[in-house]
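Here is a short report on a predicted model. Keep the sequence and the structure in view while reading.

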Amino acid sequence: MIVCPKCGKELADGTKFCSKCGTPLADVKPKAEELKAEEPKAEAPKAEAPKAEEAKAEAPKAEAPKAEEAKAEAPKAEAPKTEEPKAEAPKAEAPKAEAPKAEEPKAEGEEKKPNTWIKYVCIGAAAIVFLFLVISLFSGKKGGKAYALYLKDKEIMYTNLKAKGSWQITAKLSKDGDMDTEDLVGRSDLITKCELSKDGKILFFPDKLERSGDGTTLYYRYVNKPKKEPIKMDSSVRTYYINEASTLVTYIKTSGDLYQYNIKKEEKSKIASEVSRYKVSDDGSRVVYLKKSGELYTWNKKDSEKLDSEVDDLEAVYDKTVYYVKDDTLYKKVGSKDKEKIASDIYYVAYVYKNGQAYYVKKDDSRVLYFFNGKEAEKVAEYLDDVISFSVEAPVIAYSARESEGSSKDTYYVAVKAAVSELEQTDVTRVRFQEDGKAFYYVADLNKDGDEGDMYRGTISGSKVGKVEKYDTEVATGFGLPDGKNVIYFKDCSKGAGDLYFNKKKVDSDVYTSGIQFCEKTKQIYYYVDYSKNVGTLKVSKNGGKPKKIADDVYSPVVLSNGYVLYLYDYSTKYYRGELYLYKGGKPVKLDEEVSAILLAY
């Protein structure tokens with residue numbers, strides 16, 4: 001397990017770019033193993049013979065990455081960096097994903113998977129050539145009030161975004177006082193453990209941290225009761241999930257012990273030990289968990305019922321239906337009924353949809369991709385090379401394959417269920433499907449440097465691919481669909497900056513290619529120009545219209561779900577402090593000073 005130094009996202013060892021913020025991770029060292037979330041990834045692995053399995057805490061089988069679509073909640077803020085990020089050197093061709101590696105475990109509840117109990121929120125993976133981040137912001141918590149948490153004087157502060165609306169959350173963030181500001185700024189659990197309940201009334205946060213980093217001592221307190229003492233939930237907490245009613249918190253400890261905490265009763269109940277993965281229903285009443293021993297259980301507030309043993313991986317949970325892999329066989333189990341075999345000789349499962357349809361690859365000399373329609377399997381492709389991407393809302397998939405075992409030429413395809421359409425272009429890279437699965441974009445016919453090409457848009461009608469047309473020319477290979485519909489991309493890029501476009505409309509020039517943020521509610525794009533040494537001029541454009549300057553010398557901006565922007569000004573990367581400002585459309589307002597980092601904002 002590695003942690004992105006910029007946004008705190010936990011990722012599998014060997015990940016080259018953070019799928020949340022685009023930061024290159026080549027020099028990031030693995031951390032201790034943590035529980036694994038069933039998060040769709042942007043690219044699926046190359047279908048070569050499986051590699052030897054790597055050591056894995058929770059399950060003996062390697063999990064293939066899942067595809068990601070560009071859609072996300074209000075982001076957790078970036079921790080300050082001490083070095084300026086650099087654009088990656090252009091590649092000669094679009095890189096291929098590797099064969100599946102054993103991913104480090106991560107608990108359910110931090111990010112949520114579409115159509116499952118825990119509806120994942122995810123962002124399209126970073127562009128290969130450019131450090132390109134697009135964040136789509138939703139409406140935030142049910143409480144509807146904008147707020148933020150930030151680090152100051154080695155303590156976590158809460159602000160309601162008013163001039164005198166800040167108060168201290170933590171009592172002593174560094175338990176023994178042995179961590180300085182730089183240490184705290186670098187602690188990913190300051191970001192990953194800060195959370196607001198679904199009703200917007202309760203704040204969860206870490207406190208009394210120890211340098212050892214053996215989990216987090218987790219506390220909570222009520223937003224409207226700042227004078228009331230915080231309540232300790234538990235220590236050594238690895239990850240947690242709050243139910244929709246904000247009454248139950250399901251969490252895993254570093255020991256592998258799984259608990260559920262009742263907020264009204266202020267008491268915890270142990271569910272199981274030696275747990276490697278778990279999924280929680282929205283109301284918190286049911287938990288499906290996989291033990292390190294391979295035993296799969298479902299828990300309903302009081303008792304656990306064993307579903308199966310020697311299970312390799314938990315693929316998906318929809319209501320009372322559980323999909324899992326055992327002995328290289330994909331099974332479906334509904335309630336207490338006997339399990340149903342879907343397919344054997346499974347190499348990896350790409351995705352299982354709520355209606356029971358699925359894409360998977362079988363262990364075969366010719367590497368065969370199949371589509372399961374809910375009743376029977378249909379062959380999609382032989383000699384599969386790469387699964388490029390797919391939609392998590394509709395059964396459509398993009399992939400490359402060869403004509404025969406000895407062929408070295410890739411041909412690119414899009415399949416709707418099992419109906420295949422060949423793409424005429426070469427060097428197809430970064431296929432992106434609209435959220436509804438009715439259209440897709442890709443860049444192909446790359447130049448000799450492999451960093452730009454022509455962008456195409458294809459439509460999907462019924463069960464087949466419709467017309468594919470050239471959308472724009474000389475487009476950088478990195479692009480995104482931040483809200484699953486609108487497309488943002490770059491042209492004429494050089495040294496980490498280029499011309500920013502929104503739906504064919506040029507927005508601005510000399511735009512820094514990393515850190516683009518998009519607010520879905522207000523249709524505003526936020527970006528840097530004149531970026532150097534971690535700061536730049538922050539600007540905003542609505543629907544690709546005339547840009548407006550917000551401020552110069554901006555560091556680490558965070559866009560809230562209502563379109564407001566928090567940022568640090570006059571920030572010192574040596575002393576880790578700067579002035580905190582809020583932009584609401586008019587003149588920026590100063591909220592605080594000597595702030596070390598913005599941790600979380602909604």
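## An antiparallel sheet

Strand 10 (residues 231-242) pairs with strand 11 (residues 248-253) in the antiparallel sense, over 5 bridges. Look at I242 for one residue-level match: its bridge partner in strand 11 is V249.

Both strands belong to an open sheet of 7 strands. The order is 7-8-9-10-11-12-13, and the pairing is antiparallel. Strand 7 (195-196) and strand 13 (267-272) are the edge strands. Each of these two pairs on one side only.

## Two nonpolar cores

Which residues have the most contacts inside the largest nonpolar core? They are L149, L566 and L599, in a core of 42 residues. Strand 43 (residues 589-601) gives the most to this core, contributing 7 residues. A second core is separate and has 36 residues. Y318, Y323, V325 and F390 are among them. In soluble globular proteins, nonpolar side chains tend to be buried together.

L566 deserves its own look. Residues up to four places away in sequence are not counted here. Beyond them, L566 touches A148 and L161. It also touches S556, P557, V558 and L560. L580, Y581, L582 and L591 are further contacts of L566, as are I598 and A601.

## A threonine in a loop

T522 lies in the loop between strand 37 (517-519) and strand 38 (524-532). Is T522 buried or exposed? T522 is buried, because its relative accessible area is 18% and the cut-off for buried is under 20%. Setting aside neighbours within four places in sequence, T522 is in contact with K542, N562 and G563.

Methods:
Residues are numbered from 1 along each chain as its sequence is written. This is a predicted model: local features need pLDDT of at least 70, side-chain atom pairs count only at pLDDT 80 or more; totals for chains, interfaces and linings use all residues. Side-chain values use heavy atoms; hydrogens and water are left out. A nonpolar core is a set of buried Ala, Val, Leu, Ile, Met, Phe, Trp, Tyr and Cys residues joined through side-chain atoms within 4.5 Å. Buried means under 20% relative accessible area, exposed over 50%, partly exposed in between (1.4 Å probe, protein chains only). Helices (H or I, at least four residues) and strands (E, at least two) are DSSP runs, numbered from the N terminus. Contact means heavy atoms within 4.5 Å. Two strands pair if DSSP finds at least two bridges between them.
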